[in-house]
Amino acid sequence: MIQRCDPVVLTQIKALVAPILQSSDSLQTRQRRLARLGYTIARSDGGAYLATVPHGVRLIELW
């Protein structure tokens, strides 16, 4: 389940992580860079999500 979030905050989060997610770096490098900001890429049967660290709250569906 994706957590509801203030639309303004969600837009700011997207702007913050977009360069990392769109980079051609390896998944491990992108995970490391996201972790520095307090986020991770979580995977499940439903796809991949941007989630918070350490609680794993899903914020954005990725792909």
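Here is a walk through this structure, from the model itself to its sheet, its helices, its core and the start of the chain.

Keep in mind that what you're looking at is a predicted model. The chain averages a pLDDT of 92, and 100% of the residues score at least 70. If you break that down by element, helix α2, which covers residues 27–37, has the highest mean pLDDT, at 95. At the other end of the ranking sits β3, whose mean of 92 is the lowest among the elements.

Let's begin with the sheet. It's an open sheet of 3 strands, lined up in the order β1-β2-β3, and the pairing is antiparallel. β1 and β3 each have a single partner strand and stand at the edges, so one side of each is left without a neighbour in the sheet. Going from one strand to the next, the twist averages 35°.

Now follow the strands one pair at a time. β1 and β2 run antiparallel and are joined by 6 bridges. The link between these two strands is a hairpin that passes through 2 residues. You can trace the pairing residue by residue: S44 has G47 in β2 as its bridge partner, while Y39 is matched with T52, also in β2.

Move on to the other pair, β2 and β3. These strands are also antiparallel, here over 3 bridges. One of the matches to look for is Y49, whose bridge partner in β3 is E61. A hairpin is formed here too, with 5 residues between β2 and β3. Within that turn, G56 has a positive phi of about 75°.

What about the helices? Go back to the sheet, with its order β1-β2-β3. α1 packs on this sheet and touches β1, β2 and β3, with its direction making about 65° with that of β3. α2 packs on the sheet as well, touching β1 and β2, and its direction makes about 125° with that of β1.

That brings us to the inside. The largest nonpolar core has 12 residues, including L10, V17, L21, L34, I41 and A48. At least two residues of this core come from each of α1 (7–21), β1 (39–44), β2 (47–52) and β3 (58–61). α1 gives the most, with 5 residues. For a closer look, pick I13, another member of the core. Which residues does I13 touch, leaving aside its neighbours within four places in sequence? I13 is in contact with Y39, L50, L59 and I60.

Last, turn to the start of the chain, in the segment before α1. C5 is found there, and C5 counts as partly exposed because its relative accessibility is 28%. C5 and L59 are 54 residues apart along the chain, yet their C-alpha atoms are separated by 7.5 Å.

D6 lies in that segment before α1 too. Its relative accessibility is 43%, which is why D6 counts as partly exposed. A polar atom of the D6 side chain lies 2.8 Å from the backbone nitrogen of V8. For another distance to check in the model, take D6 and A18: these residues are 12 apart along the chain, and 18 Å separates their C-alpha atoms.

Conventions:
Residues are numbered from 1 along each chain as its sequence is written. This is a predicted model: local features need pLDDT of at least 70, side-chain atom pairs count only at pLDDT 80 or more; totals for chains, interfaces and linings use all residues. Side-chain values use heavy atoms; hydrogens and water are left out. A nonpolar core is a set of buried Ala, Val, Leu, Ile, Met, Phe, Trp, Tyr and Cys residues joined through side-chain atoms within 4.5 Å. Buried means under 20% relative accessible area, exposed over 50%, partly exposed in between (1.4 Å probe, protein chains only). Helices (H or I, at least four residues) and strands (E, at least two) are DSSP runs, numbered from the N terminus. Contact means heavy atoms within 4.5 Å. pLDDT is the predictor's confidence in each residue, from 0 to 100. A polar contact is a pair of N or O atoms within 3.5 Å; within protein, one must be able to donate a hydrogen and the other to accept it, and residues adjacent in sequence count only if both atoms are side-chain atoms. Two strands pair if DSSP finds at least two bridges between them. Axes are lines fitted to C-alpha atoms, for helices over the stretch in contact, and angles run from 0 to 180 degrees between N-to-C directions.
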